[in-house]
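Good morning, colleagues. Please bring up the sequence and the model on your screens, and I will take you through them.

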Amino acid sequence: MVVLEFILQVLLGLTSLILTFFILLHRGRGGGLSDMFGGGMSQAVGSSGVAERNLNIITVVVALVWFLSIVGLGLITKFQVI
């Protein structure tokens, strides 16, 4: 049980960093953090629709893994016998 908890904690840390990175990669819809880093200039160039869809799918998958690791850690904590 300790090994599973350790694996879930590492998975949670990694997916938190990756999820933050993927969210910041998304194209801005006008204003906000993406324009501060030059996102407004990239709208003139445009990006591939396929790349944007793939980024959306990858972000959703990473978010689901992140959510399931939180639920798993919560269940382990709740049913842990001291």
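Let me begin with a question: which are the buried residues of helix 4? They are Glu52, Leu55, Thr59, Val62, Ser69, Gly72, Leu73 and Ile76. Please bear in mind throughout that this is a predicted model.

I shall first describe the chain as a whole. It contains four helices and zero strands, and the pattern along the sequence reads α-α-α-α. Of the 82 residues in the chain, 21% are buried. The accessible surface amounts to about 6200 Å², and carbon and sulfur atoms account for 76% of that area. As for contacts between residues at least 6 apart in sequence, 80% of them join residues at least 24 apart.

I turn now to two of the helices, beginning with their dimensions. Helix 4 runs over 49-78. Its 30 residues, at 1.5 Å a residue, should span 44 Å, and the end C-alpha atoms lie 43 Å apart, so the two values agree. Helix 1 covers 2-25. For its 24 residues the expected span is 34 Å at 1.5 Å a residue; the end C-alpha atoms are 35 Å apart, which again agrees.

What do the buried residues of helix 1 pack against? They pack against helix 4. The residues concerned are Glu5, Leu8, Thr15, Leu19 and Phe22. Viewed from the other side, helix 1 is included in what covers the buried residues of helix 4.

Let us look at individual positions where these helices meet. Thr15, in helix 1, counts as buried because its relative accessibility is 6%, and the cut-off for that class is under 20%. Its side chain reaches the backbone oxygen of Leu12 at 3.2 Å. Apart from neighbours within four places in sequence, Thr15 is in contact with Val62, Val65, Trp66 and Ser69.

Two of those partners deserve a closer look. Val62 is located in helix 4 and is buried, with a relative accessible area of 13%. With neighbours within four places in sequence set aside, Val62 contacts Thr15, Ile18, Leu19 and Phe22. For one of these, Leu19, I can also give the separation: Val62 and Leu19 are 43 residues apart in sequence, yet their C-alpha atoms are 6.3 Å apart in space.

The second partner is Ser69, also placed in helix 4. Is Ser69 buried or exposed? Ser69 is buried, since its relative accessible area is 1%. Not counting residues up to four places away in sequence, Ser69 touches Leu8, Leu11, Leu12 and Thr15.

Leu11 brings us to positions in helix 1 that are not fully covered. Leu11 is partly exposed, with a relative accessible area of 32%. Beyond its neighbours within four places in sequence, Leu11 is in contact with Val65 and Ser69. The C-alpha atoms of Leu11 and Ile70 are 9.5 Å apart, although 59 residues separate the two in sequence.

Gln9 is another position in helix 1. At 41% relative accessible area, Gln9 is likewise partly exposed, because that class lies between the 20% and 50% cut-offs. Gln9 and Gly72 stand 63 residues apart in sequence, with 9.6 Å between their C-alpha atoms.

Finally, I would like to consider the surface. Which residues form a nonpolar patch there? They are Trp66, Phe67, Leu68, Ile70, Val71, Leu75 and Phe79, and together they have about 680 Å² of accessible area. One member, Phe79, lies in the segment after helix 4. Why does Phe79 count as exposed? Its relative accessibility is 60%, and exposed means over 50%. Another member of the patch is Trp66, which we met earlier as a contact of Thr15. Ile70, also in the patch, is the residue whose C-alpha distance to Leu11 I gave a moment ago.

To summarise, this predicted model follows an α-α-α-α pattern, and the buried residues of helix 1 pack against helix 4. Thr15 contacts both Val62 and Ser69 at that packing, and the nonpolar patch on the surface includes Phe79. Thank you for your attention.

Technical notes: Residues numbered from 1 in each chain as written. Predicted model: local features only at pLDDT ≥ 70, side-chain atom pairs only at ≥ 80, totals over all residues. Heavy atoms only, no water. Patch = residues over 30% accessible without salt bridge, like charges linked within 9 Å, V, L, I, M, F, W, Y side chains within 5 Å. Areas by Shrake-Rupley, 256 points an atom, 1.4 Å probe, with all protein chains shown as cover. Salt bridge = Lys/Arg side-chain N within 4 Å of Asp/Glu carboxyl O. Helix = DSSP H or I, 4+ residues; strand = E, 2+ residues; numbered from the N terminus. Buried < 20%, exposed > 50% of the residue type's maximum accessible area, 1.4 Å probe, protein only. Contact = heavy atoms within 4.5 Å. Expected span 1.5 Å × (residues − 1). Polar contact = N/O pair within 3.5 Å; in protein donor to acceptor, adjacent residues only side chain to side chain.
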